[in-house]
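Here are some exercises to work through with the coordinates open beside you. Try each task before reading the solution under it.

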Amino acid sequence: MFEYIFPIIVILIAIISYDFFDYKKNKLLVWIGLYLYLTTLIGFRYMVGGDSYFYSLYFESIPDGNIFIIPENNEYQPFFAILMNLSKYINSSFISFQIVHSLLINTCLIYFIAKNSKYIFSTLFFCLLLFYINFAVEILRESLAIMIFLFNYKNLENNNNVKYCIGVFISALFHLSAVFLI
């Protein structure tokens with residue numbers, strides 16, 4: 001249990017040091033350390049999250065060898081299936097998918113926070129409290145669609161409707177619920 005509480009303790013100390021008192025020394029090191037810790041924690045978890053079992057069964061049903069062959073009984077959207085295939089191509093253990101997924105989610109989230117928030121540690125703290133564990137271990141397909149939306153949001157703000165719709169389409173190729181973004 002401590003491994004899940006540890007980043008919260010580090011973030012609370014970082015909030016006081018960097019967000020409140022604007023201390024500069026080692027800020028990037030702490031930020032990168034949190035990214036690496038969260039990526040490792042989530043990537044190497046073992047059956048945390050109710051959907052992980054079903055995703056692991058799907059992963060085992062994927063034939064070895066070709067990234068673009070999707071099983072006939074595929075119930076998932078194409079980009080998610082391709083991501084699963086790519087992970088199985090890397091290594092036949094389900095852990096490989098968890099690591100790839102964790103890298104994608106954490107990289108997108110950390111980058112987005114760093115680009116869009118002055119108080120990065122406070123923002124990360126609220127993300128951890130409100131949705132991070134659910135997104136990282138439970139709703140894996142939806143979280144990929146949401147991460148694409150984060151990068152697509154500027155198109156919505158700037159009324160770039162064509163680019164925005166393309167982003168929504170790509171999000172929907174990970175999870176159909178993304179059509180709600182239209």
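**Exercise 1. A proline in a helix**

Task: Find the element that holds Pro 7, decide whether Pro 7 is buried or exposed, and list its contacts beyond the local sequence.

Solution. Keep in mind throughout that this is a predicted model.
- Step 1: Pro 7 is part of helix 1.
- Step 2: The relative accessible area of Pro 7 is 2%. Buried means under 20%, so Pro 7 is buried.
- Step 3: Setting aside residues up to four places away in sequence, Pro 7 touches Leu 34, Tyr 37 and Leu 38.
- Step 4: Take Tyr 37 from that list. Pro 7 and Tyr 37 are 30 residues apart along the chain, yet their C-alpha atoms are separated by 7.8 Å.

**Exercise 2. Two helices against helix 6**

Task: Work out how helix 1 and helix 2 are each oriented relative to helix 6, and which residues make the contacts.

Solution.
- Step 1: Begin with helix 1 (residues 2–20) and helix 6 (residues 120–137), whose axes come within 8 Å and cross at roughly 155°. An angle over 145 degrees counts as roughly antiparallel, so that is the relation of helix 1 to helix 6.
- Step 2: The handedness of this crossing of helix 1 and helix 6 is left-handed.
- Step 3: On the helix 1 side, the residues in contact are Tyr 4, Ile 8, Ile 11, Leu 12, Ala 14, Ile 15, Tyr 18 and Asp 19. Helix 6 answers with Ile 120, Phe 121, Ser 122, Leu 124, Phe 125, Leu 128 and Ile 133.
- Step 4: Sorted by class, the contact of helix 1 with helix 6 has 13 nonpolar residues, 1 polar and 1 charged.
- Step 5: Now turn to helix 2 and helix 6, where the axes come within 13 Å and cross at roughly 10°. Angles under 35 degrees count as roughly parallel, and helix 2 and helix 6 are therefore roughly parallel to each other.
- Step 6: Helix 2 contributes Lys 27, Val 30, Trp 31, Leu 34, Leu 38 and Ile 42. From helix 6 come Ile 120, Phe 121, Leu 124, Leu 128, Tyr 132, Ile 133, Ala 136 and Val 137.
- Step 7: The contact of helix 2 with helix 6 divides into 13 nonpolar, no polar and 1 charged.

**Exercise 3. Helix 7, helix 8 and the loop between them**

Task: Describe the packing of helix 7 with helix 8, then place Ser 171 and Asn 159 in that picture.

Solution.
- Step 1: Helix 7 (residues 140–157) and helix 8 (residues 161–172) have axes 9 Å apart and pack at about 175°. That angle makes helix 7 roughly antiparallel to helix 8.
- Step 2: Helix 7 makes the contact through Ala 145, Ile 148, Phe 149, Asn 152, Asn 155 and Leu 156, and helix 8 through Lys 163, Tyr 164, Gly 167, Val 168, Ile 170 and Ser 171.
- Step 3: The classes in the contact of helix 7 with helix 8 are 7 nonpolar, 4 polar and 1 charged.
- Step 4: Ser 171 sits in helix 8 and is buried at 1% relative accessible area. Beyond four places in sequence, Ser 171 is in contact with Ala 145, Ile 148, Phe 149 and Ala 178.
- Step 5: Asn 159 belongs to the loop between helix 7 and helix 8. Its relative accessibility of 59% counts as exposed.
- Step 6: Check the backbone of Asn 159: phi is near 55°, a positive value in a residue other than glycine.

**Exercise 4. Another positive phi**

Task: Where is Asn 26, and what is its phi?

Solution.
- Step 1: Asn 26 is found in the loop between helix 1 and helix 2 (27–43).
- Step 2: Its phi is positive, about 70°, although Asn 26 is not a glycine.
- Step 3: With 42% relative accessibility, Asn 26 is partly exposed.

**Exercise 5. Cysteines without a bond**

Task: How many disulfides are there, and why does Cys 127 not form a bond?

Solution.
- Step 1: A disulfide needs two cysteine sulfur atoms within 2.5 Å.
- Step 2: For Cys 127, the closest cysteine sulfur is in Cys 108, 13 Å away, so the distance is too far for a bond.
- Step 3: The count comes to 0 disulfides.
- Step 4: As for accessibility, Cys 127 is buried at 9%, while Cys 165 is partly exposed at 43%.

Note on methods
Residues numbered from 1 in each chain as written. Predicted model: local features only at pLDDT ≥ 70, side-chain atom pairs only at ≥ 80, totals over all residues. Heavy atoms only, no water. Buried < 20%, exposed > 50% of the residue type's maximum accessible area, 1.4 Å probe, protein only. Axes fitted to C-alpha atoms, helices over the stretch in contact; angles between N-to-C directions. Helix = DSSP H or I, 4+ residues; strand = E, 2+ residues; numbered from the N terminus. Parallel < 35°, antiparallel > 145°, perpendicular 65-115°, else oblique. Left-handed = near helix turned anticlockwise from the far one by under 90°. Contact = heavy atoms within 4.5 Å. Nonpolar A, V, L, I, M, F, W, Y, C, P; charged D, E, K, R; others polar.
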